[in-house]
Amino acid sequence: MRQTVKEFAPKSAVDLFYILKYARWRLPVRQKYQSVVENKHGIEIGGPSALFKTVLPLYQFVGELDGVNFGTDTIWEGRIEAGRNFNYDGNRVGRQFISEATDLSQIADEQYDFLLSSNCLEHVANPLKALAEWKRVIKPGGGFILVLPRKESNFDHRRPITRFDHLLDDFNRGMGEDDLTHLDEILSLHDLKMDPPAGDLEHFRQRSLKNFENRTLHHHVFDAPLIEQVLGHLGFDIVDLTTTKSDYFALATKDVGAGSPAE
């Protein structure tokens, strides 16, 4: 275990937690995922992720990888800067974009061979808008790898699965990332015993009210059928959808000639 921590050089206490969480096993179907990134140029939203070093080790196979994060100071990565500063695997670096997950306007259409995102989409208030943007920057036929947490494995286990029509309504209304629609539900059902950094209820409430600054809230709760419905709505071809004890792993490709999702 000490060798694992040393090798993956955690950047924060949260990063260390995920490295230790995922260090002991590998996704059985990882070869399918590896094939869509090998020697290709991709982008990761919300990374780098310990999961892509451990359970699903992809970084070592990519040709090039850029990254997107919402701000220059996060609890996961600490201080980061735009430019060639996305350090994802040892000394390997790509371009770091500072941008909302729902607005990749700095990036032209169809720039990347693949896109990665791990344990990020649940932190986005308007996931359909985000996914439409993510799809836009992938080349036709390009790969898409999405990892989302199972509620049974974390502090969301008391919360209901989000309904697809709610996500669609958020998309049609242009929901912004400052949204706190789910705050009452979260404060009521969040299992603080499974989230030590959240502190007591009052500390958690105060932190949650500043979610636009820290992005710690899980706006929505996903399961496999919802993931399948969301990706289908956006026109992705699903290659694999694997459920593990802690996460959902989805591998999809962008349809050649597919457009934006219909409202």
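**Figure 1. The loop of P48 in the predicted model.** P48 is found in the loop that links strand 1 to strand 2 (64-69). The structure shown here and in the following views is a predicted model. The peptide bond between G47 and P48 is cis, with omega at about 0°. Most residues other than glycine have a negative phi, and most peptide bonds are trans. The two strands on either side of this loop run parallel and are joined by five bridges.

**Figure 2. Strand 2 and its partner strands.** Strand 2 is largely enclosed by the rest of the structure, because five of its six residues are buried. Strand 1 is one of its partners, and the bridge partner of G42 is L65 in strand 2. Strand 6 also runs parallel to strand 2, and three bridges join this pair. At that pairing, V68 stands opposite F97 in strand 6.

**Figure 3. The open sheet of eight strands.** The order of the strands in this sheet is 5-6-2-1-7-8-10-9, and the pairing is mixed. Strand 5 (83-89) and strand 9 (236-243) stand at the edges; each has a single partner strand, so one side of each is left without a neighbour in the sheet. On average, neighbouring strands are turned by 25° against each other when direction is ignored. In a regular strand the side chains alternate between the two faces of the sheet. The protein chain as a whole has nine helices and 10 strands.

**Figure 4. The hairpin of strand 9 and strand 10.** Three residues lie between strand 9 and strand 10, which together form a hairpin. Their pairing is antiparallel and extends over seven bridges, with strand 10 covering residues 247-254. Two of the residue pairs are displayed here. D237 has T253 of strand 10 as its bridge partner, and I238 is paired in the corresponding manner with A252 of strand 10.

**Figure 5. The surroundings of A250.** A250 belongs to strand 10. Is A250 buried or exposed? With a relative accessibility of 3%, A250 counts as buried. Leaving aside residues up to four places away in sequence, A250 touches Y33, F144, I145, L146, I227, L231, D240 and L241. One of these residues, D240, is 10 residues from A250 along the chain, and the C-alpha atoms of the two are separated by 5.7 Å.

**Figure 6. Helix 4 and helix 9 against the strands.** Helix 4 (residues 127-136) lies across strand 1 (41-45), strand 7 (112-118), strand 8 (138-149), strand 9 and strand 10. Relative to strand 8, helix 4 runs at about 140°. Helix 9 (residues 224-233) lies across strand 8, strand 9 and strand 10. The angle between helix 9 and strand 9 is about 165°. Among the residues touched by A250 of strand 10 are I227 and L231.

**Figure 7. Two loop residues with positive phi.** E110 is located in the loop between strand 6 (92-98) and strand 7. Phi of E110 is near 55°, a positive value in a residue other than glycine. R215, in the loop between helix 8 (211-214) and helix 9, likewise has a positive phi, of about 55°, and is not a glycine. How do the two residues stand with respect to accessibility? E110 is partly exposed, with a relative accessible area of 40%, whereas R215 is buried, with a relative accessible area of 7%.

**Figure 8. The largest cavity.** Rolling a probe the size of a water molecule over the atoms shows where empty space is left. Two cavities of 30 Å³ or more are counted in the model. The largest has a volume of about 50 Å³. Which residues line the largest cavity? The lining consists of E122, P149, R150, K151, N154, D156, H218, H220, V221 and F222.

**Figure 9. The protein chain as a whole, for orientation among the close-up views.** The protein chain has 263 residues, of which 51% count as buried. Its accessible surface comes to about 12,100 Å², and 49% of this area belongs to carbon and sulfur atoms. Among the contacts with a separation of 6 or more, 72% are between residues 24 or more positions apart.

Note on methods: Residues numbered from 1 in each chain as written. Predicted model: local features only at pLDDT ≥ 70, side-chain atom pairs only at ≥ 80, totals over all residues. Heavy atoms only, no water. Pairing = 2+ DSSP bridges. Helix = DSSP H or I, 4+ residues; strand = E, 2+ residues; numbered from the N terminus. Axes fitted to C-alpha atoms, helices over the stretch in contact; angles between N-to-C directions. Contact = heavy atoms within 4.5 Å. Buried < 20%, exposed > 50% of the residue type's maximum accessible area, 1.4 Å probe, protein only. Areas by Shrake-Rupley, 256 points an atom, 1.4 Å probe, with all protein chains shown as cover. 1 Å grid on protein atoms, 1.4 Å probe; cavity = no way out; pocket = protein on both sides within 12 Å on 5 of 7 lines; lining within 4 Å. Points joined across faces, edges and corners; volume = space filled by probe spheres on them.
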